[in-house]
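Here is a walk through one structure, taken interface by interface. Keep the viewer open as you read.

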Amino acid sequence: MAPVTTEAIAVSNLSKSYATRDGGVTALDRTTFDVPEGEFVAVVGPSGCGKSTLLKILAGILPASAGEARLRGTLIDGPRRDIGVVFQSPVLFPWRTVLDNVLLPVDVQRLDRGRYARVGLDLLSLVGLRGFDHRYPWELSGGMQQRVAITRALVHDPAMLLMDEPFGALDAMTREHMNLELQRIWLERRKTVLFITHSIPEAVFLGDRVLVMTPRPGRLLDDVRVGLPRPRSLDVMNTPEFGRHVHHIRALFNVKGGVDS
Amino acid sequence: MRWTGRNLGLTLLLFALTIAVWEAVVRILQIPIFILPAPTQVGMALYRGLASGLYVEHLKYTLLETLLGFIVGSALGFFLGTAVAMNRYVEFFFYPYIIMFQSLPKVALAPLIVVWFGLGLTSKVINAALIAFFPLLVNTMVGLKSADEDRVSLMRSLAASERQIFWMLRLPNALPFVMAGLDVAMIFALIGAIVAEFVGAQRGLGMLIQSMNFNMDVSGQFSILLILSLVGLLLNRIITLIRRRVMFWDPSEKDLLEPATDDVAAARVGRGLPAEAKEGVTP
Ligand SMILES: Nc1ncnc2c1ncn2[C@@H]1O[C@H](COP(=O)(O)OP(=O)(O)OP(=O)(O)O)[C@@H](O)[C@H]1O
Ligand SMILES: [Mg+2]
């Protein structure tokens with residue numbers, strides 16, 4: 001692999017084993033893929049196949065066991081400031097207001113709070129939370145909290161977003177709404193996104209590509225290019241092309257015996 | 001339960017009834033005053049003590065011992081708890097002693113402390129501090145270590161230093177635990193001061209109880225018990241007020257009934273958890 005690539009994410013032969021009492025668990029097994037700058041990549045796979053593990057390695061909070069991962073050409077050797085991470089739960093701090101939660105990366109990275117407060121407020125209205133900046137997390141619904149988490153990941157304008165099942169805990173209606181909003185934000189800001197999900201339709205709806213992983217140990221099973229035009233409306237889910245992609249991916253899981261969607 | 005007018009009325013009625021029954025029983029059964037005094041006799045003792053200024057003088061002294069002991073003990077408990085929670089070496093060397101002392105009833109040390117530090121203020125403050133120390137130590141430790149794994153991961157993903165994780169996450173996260181510790185430490189400090197006064201003192205309400213006991217002045221003892229329980233209530237109230245200010249974000253401090261998120265539940269558990277942590281801590 002060339003030391004410098006133009007890819008935003010370059011993963012090659014990446015493996016991760018966790019040490020456990022009875023030997024070890026291989027969570028991720030020689031996974032290789034690239035993501036070009038500005039692309040929206042969805043990752044689907046059965047539970048326990050190592051999706052979160054992959055994300056934590058890319059976020060620099062978990063060392064890989066073998067292989068290598070590069071972000072924008074540089075080897076990952078710790079957390080970086082040009083990525084934003086959204087976890088499955090909102091992970092807000094109850095003692096911070098909505099705006100202060102959004103500004104957490106700004107505080108940690110000691111950036112100019114005054115300047116970024118305006119950025120934060122703009123982003124909050126972008127996700128439909130105008131006027132909620134002085135509320136506390138417990139005054140918000142689950143979907144609103146998750147939007148705060150997304151805003152927090154965007155506030156320091158990272159080049160890359162890593163999202164681990166961010167809408168997993170939401171009901172179907174809120175979830176579709178959030179999908180639309182995420183697409184809108186992405187169309188406006190064009191960041192590289194790695195989006196992990198359990199839901200095959202969600203992956204096809206959001207992704208330029210869908211990476212399909214095998215059950216544990218996780219490996220890349222297929223790399224599906226979704227050519228549906230943007231912006232996609234919810235109606236796109238009724239098109240034959242959408243159905244074909246969903247069917248194809250689901251069939252892959254059925255062959256491998258790990259269905260989960 | 002809310003303090004509606006009706007509730008308040010019922011409470012007062014019940015209280016009056018209890019006092020009346022007590023008075024009646026003492027009079028009808030002619031229980032001697034050195035066994036159980038009637039409420040009227042306790043009231044008279046209280047009036048005499050207060051009017052002569054005797055109680056106030058000793059109360060001031062006991063309060064001073066209690067507050068000094070509370071401040072010294074809880075500050076030390078907080079700092080050592082922080083050191084133990086944040087540093088593996090400190091934990092390794094201190095933990096055995098902490099375990100050993102935790103199961104020891106600290107009041108049993110009072111006689112020794114009075115021998116070592118004399119009949120004056122110092123021995124009372126030290127005894128109060130010693131007892132107030134442990135709830136803070138244990139709760140600070142538990143609180144700092146209980147920071148949610150996901151929140152730590154989030155901070156790490158932002159490239160936060162350990163220092164930043166401590167100040168921005170662990171410390172605020174530990175506050176509910178620390179406040180619960182202070183709650184207990186306050187009452188423990190009062191216990192510590194009184195017990196040390198029992199053992200040997202020249203002033204203080206504990207010393208007063210002791211000397212009244214020699215004189216078989218049971219009414220007087222009752223009247224001081226009354227003062228002490230009021231003092232305990234007052235001290236507790238002060239901590240509650242401080243807690244409300246410090247934990248402004250916690251909706252359960254504002255008497256909201258419906259928690260909106262699991263964070264609230266966590267904060268509630270947070271307050272329940274220290275209670276568990278407290279269990280091993282004896283005065
Ligand atoms: N800290 C750990 N120690 C040991 N094993 C772990 C650890 N974290 C994850 N694993 C194992 O690694 C495998 C992959 O875990 P991971 O969390 O990456 O799965 P996932 O694909 O995100 O699953 P899900 O879709 O349910 O979130 C699992 O089988 C899990 O048991
Ligand atoms: Mg996961």
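Which domains does the domain assignment of chain B give? There are two entries: domain 1 covers 1-30, and domain 2 covers 35-278. Before going further, keep in mind that this is a predicted model.

**Inside chain B**

Let's start with how those two parts of chain B meet. Five residues of domain 1 touch six residues of domain 2, and together the two domains of chain B bury about 490 Å². Carbon and sulfur atoms account for 72% of that area. On the domain 1 side, B:Trp22, B:Glu23 and B:Val26 lose the most area to domain 2, together 87% of what that side buries. By class, the residues on that side of domain 1 split into three nonpolar, no polar and two charged. The rule finds zero salt bridges between the two domains of chain B, but it does pick up two residue pairs in polar contact there, both at pLDDT 80 or more.

**Where chain B meets chain A**

Now for the contact between the chains. Here 24 residues of chain B are in contact with 25 residues of chain A. The two chains bury about 2,200 Å² between them, with 69% of it on carbon and sulfur atoms. If you want residues to click on in chain B, go for B:Leu154, B:Leu158 and B:Trp249: they lose the most area to chain A, together 26% of what the chain B side buries.

How many salt bridges does the rule find across the interface of chain B and chain A? Zero. Three residue pairs in polar contact do turn up across this interface, both partners at pLDDT 80 or more.

As for what chain B brings to the contact, helix H7 (149-157), helix H8 (162-199) and helix H11 (262-279) of chain B each supply at least two residues. H7(B) gives the most, with seven residues. Sorted by class, the side of chain B that touches chain A has 14 nonpolar, five polar and five charged residues.

**Inside chain A**

Chain A is divided too, and its domain 1 comes in two stretches, 20-82 and 158-261, while domain 2 runs over 94-157. Taken over C-alpha atoms, the centres of these two domains of chain A are 25 Å apart. The contact takes 16 residues from domain 1 of chain A and 15 residues from domain 2 of chain A.

The area buried between the two domains of chain A is about 1,400 Å², and carbon and sulfur atoms give 65% of it. In domain 1 of chain A, the residues that lose the most area to domain 2 are A:Arg81, A:Pro158 and A:Ile185, together 37% of what that side buries.

Which kinds of polar pairing cross this domain interface? The rule finds two salt bridges between domain 1 and domain 2 of chain A. A:Asp157 forms a salt bridge with A:Lys191, with the closest N and O atoms 2.7 Å apart. The rule also finds three residue pairs in polar contact between these domains, both residues at pLDDT 80 or more.

Strand S7 (160-164) and helix H6 (172-189) of chain A each supply at least two residues of the domain 1 side. The largest share of that side, seven residues, comes from H6(A). Its class make-up is nine nonpolar, one polar and six charged residues.

**Around ligand 1**

Which of the 13 residues around ligand 1 come nearest? They are A:Ser47, A:Gly48, A:Lys51, A:Ser52 and A:Thr53. For three of these residues, here are distances to an oxygen atom of ligand 1.

| Residue | Atom in the residue | Distance to an oxygen atom of ligand 1 |
|---|---|---|
| A:Gly48 | backbone N or O atom | 2.7 Å |
| A:Lys51 | polar side-chain atom | 2.7 Å |
| A:Ser52 | side-chain N or O atom | 2.7 Å |

**Two backbone details in chain A**

Finally, a couple of spots to look at in the chain A backbone. The peptide bond from A:Arg230 to A:Pro231 is cis, with omega near -10°. You'll find A:Pro231 in the loop between strand S10 (220-225) and helix H8 (240-256) of chain A. The other spot is A:Arg30, where phi is near 40°, a positive value in a residue other than glycine. A:Arg30 sits in strand S2 (residues 23-36) of chain A.

Note on methods
Residues are numbered from 1 along each chain as its sequence is written. Chains are lettered from A and ligands numbered from 1 in the order in which they are written. This is a predicted model: local features need pLDDT of at least 70, side-chain atom pairs count only at pLDDT 80 or more; totals for chains, interfaces and linings use all residues. Side-chain values use heavy atoms; hydrogens and water are left out. Contact means heavy atoms within 4.5 Å. Buried area is the accessible area (1.4 Å probe) that two parts lose on being put together, summed over both. A salt bridge is a side-chain nitrogen of Lys or Arg within 4 Å of a carboxyl oxygen of Asp or Glu. A polar contact is a pair of N or O atoms within 3.5 Å; within protein, one must be able to donate a hydrogen and the other to accept it, and residues adjacent in sequence count only if both atoms are side-chain atoms. Helices (H or I, at least four residues) and strands (E, at least two) are DSSP runs, numbered from the N terminus. Ala, Val, Leu, Ile, Met, Phe, Trp, Tyr, Cys and Pro count as nonpolar, Asp, Glu, Lys and Arg as charged, and the others, Gly among them, as polar. Domain bounds come from an automatic or database domain assignment. A residue is near a molecule or strand if one of its heavy atoms lies within 4 Å of it.
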